[in-house]
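Q: Please take me through this model one feature at a time, with the general idea ahead of the case where there is one.

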Amino acid sequence: MRTALVGVPIDLAAIAAEVLTPAEGALSLFVGTVRNENGGRPVDGIEYNAYAPMAERELALLADEACAQFGTEHVVIEHRTGFLALGEASVAIAVAHAHRAPALNAARWIIEELKRRVPIWKLEHYTDGTREWVGQGRYSPVDGDAGAPDA
Amino acid sequence: MTVDVLLFASYADAAGAPQVRVTVATGACVGDVVAEVRAAAPALVLPARPLVAVNQRYAPPTQVVLASDEVALFPPVSGG
């Protein structure tokens with residue numbers, strides 16, 4: 001089991017190889033990537049910002065919980081931080097298990113919990129040069145421009 | 001006691017700083033700290049019950065804060 005916040009591209013093949021042993025018959029690999037639009041707005045990249053020590057702690061807890069819940073020791077989670085271009089992997093979750101159902105279910109459970117709990121935020125960069133924090137509602141600054149994400 | 005509250009993402013932008021220093025009474029809880037942040041950083045518009053972590057663990061409004069604690073206040077997470 002291993003988890004990490006990383007500042008360099010995620011090596012998907014290395015992560016898959018890391019979890020797989022001859023005792024496993026199934027490997028699931030979930031990869032989240034940077035999409036070229038969100039809600040109809042063209043995106044040209046996403047900046048990932050983390051409360052690093054807590055994010056690392058939550059990732060480790062998630063992996064521990066997944067191992068206990070799904071009956072495996074073979075879980076690796078890596079999450080990128082910093083600016084990512086379109087198509088780059090922002091998160092990768094690899095789970096190996098003797099059987100396919102728990103391997104698939106564990107990866108699904110981890111990504112859903114990660115999106116709910118791990119303190120990481122997306123700052124979307126749009127093709128028109130504007131930026132916006134994702135999922136933080138419509139920000140209503142009291143003085144007009146205090147809420148500009150790139151201020 | 002003084003508490004330096006760490007801010008992240010849109011909250012840091014709104015406050016114009018990555019942290020805000022507040023003063024609360026000894027024995028104050030998370031809710032008291034949040035109330036002081038509202039007063040100290042009026043440009044930061046917080047929901048009724050914002051996410052708070054104490055020593056890198058999610059903390060309820062009733063949790064008592066110690067001077068040595070690391071307190072963080074942040075918007076809904078959006079990783080993945």
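**Reading the two chains**

A: The model is predicted. Start with β7(A): 8 of its 9 residues are buried, so β7(A) is largely enclosed by the rest of the structure.

Q: Which strands pair with β7(A), and in what sense?

A: Strands of a sheet pair through backbone hydrogen bonds, either parallel or antiparallel. Here, strand β2 (residues 26-33) of chain A pairs with β7(A) in the antiparallel sense over 8 bridges. In that pairing A:F30 stands opposite A:I93 of β7(A). Strand β5 (residues 74-80) of chain A also runs antiparallel to β7(A), joined to it by 6 bridges. The bridge partner of A:H74 in β7(A) is A:A96.

Q: What is the strand order of the sheet that holds β7(A), and which strands stand at its edges?

A: The sheet is open and has 4 strands in the order β1-β5-β7-β2 (chain A), with mixed pairing. The edges are β1 (2-6) and β2 of chain A; each has a single partner strand, so one side of each is left without a neighbour in the sheet. On average, neighbouring strands of this sheet are turned by 5° against each other, direction ignored. The parallel pairing is found between β1(A) and β5(A), over 5 bridges. There, A:R2 has A:V76 in β5(A) as its bridge partner.

Q: Which strands do the helices α1 and α2 of chain A touch or lie across?

A: Helix α1 (residues 12-19) of chain A packs on the sheet and touches β2, β5 and β7 of chain A. The direction of α1 makes about 20° with that of β7(A). Helix α2(A) lies across β1, β5 and β7 of chain A and runs at about 155° to β5(A).

Q: How many helices and strands does chain A have as a whole?

A: Chain A has 3 helices and 9 strands. Along the sequence they follow the pattern β-α-β-β-β-α-β-β-β-α-β-β. The C-alpha trace of chain A spans about 60 × 25 × 25 Å along its principal axes. Of its 151 residues, 35% are buried. Among contacts in chain A with a separation of 6 or more, 73% are between residues 24 or more positions apart.

Q: What are the corresponding figures for chain B?

A: Chain B comes to 2 helices and 5 strands, in the pattern β-α-β-α-β-β-β. Its C-alpha trace spans about 35 × 25 × 20 Å along the principal axes. With 80 residues, a compact globule would have a radius of gyration near 12 Å, and the 12 Å of chain B agrees with that. Buried residues make up 39% of chain B. Of its contacts with a separation of 6 or more, 49% join residues 24 or more positions apart.

Q: How is the sheet of chain B ordered?

A: The 5 strands form an open sheet of mixed pairing in the order β2-β1-β5-β3-β4 (chain B). The edge strands, which pair on one side only, are β2 (19-23) and β4 (57-58) of chain B. Strand β1 (residues 2-7) and strand β5 (residues 71-74) of chain B pair in the parallel sense over 3 bridges. In this pairing B:L7 stands opposite B:L73 in β5(B). Helix α2 (residues 30-40) of chain B packs on the sheet, where it touches β1, β2, β3 (51-54) and β5 of chain B. The direction of this helix makes about 110° with that of β2(B).

Q: Which residues have the most contacts inside the largest nonpolar core?

A: They are B:V5, B:Y11 and B:A72, in a core of 61 residues. The largest share of this core, 7 residues, comes from α2(A). Beyond its neighbours within four places in sequence, B:V5 is in contact with B:Q19, B:V20, B:V22, B:V33, B:V37, B:V71, B:A72 and B:L73.

Q: How many residues of each chain are in contact with the other chain?

A: The size of an interface is often given as the accessible area lost when the parts come together. Here the description is by contacts: 33 residues of chain A are in contact with 19 residues of chain B. On the side of chain A that touches chain B, the elements giving two or more residues are β4 (41-50), α2 (52-70), β7 (89-97), α3 (100-117) and β8 (120-126) of chain A. The largest share of that side, 4 residues, comes from α3(A). By type, the residues on that side of chain A divide into 20 nonpolar, 8 polar and 5 charged.

Methods
Residues numbered from 1 in each chain as written. Chains lettered and ligands numbered in written order. Predicted model: local features only at pLDDT ≥ 70, side-chain atom pairs only at ≥ 80, totals over all residues. Rg over C-alpha atoms; globule rule 2.2 N^0.38 Å. Buried ≥ 20, exposed ≤ 12 C-beta atoms within 10 Å, placed from the backbone. Contact = placed C-beta atoms within 7 Å. Nonpolar A, V, L, I, M, F, W, Y, C, P; charged D, E, K, R; others polar. Core = buried A, V, L, I, M, F, W, Y, C linked by C-beta atoms within 7 Å. Pairing = 2+ DSSP bridges. Axes fitted to C-alpha atoms, helices over the stretch in contact; angles between N-to-C directions.
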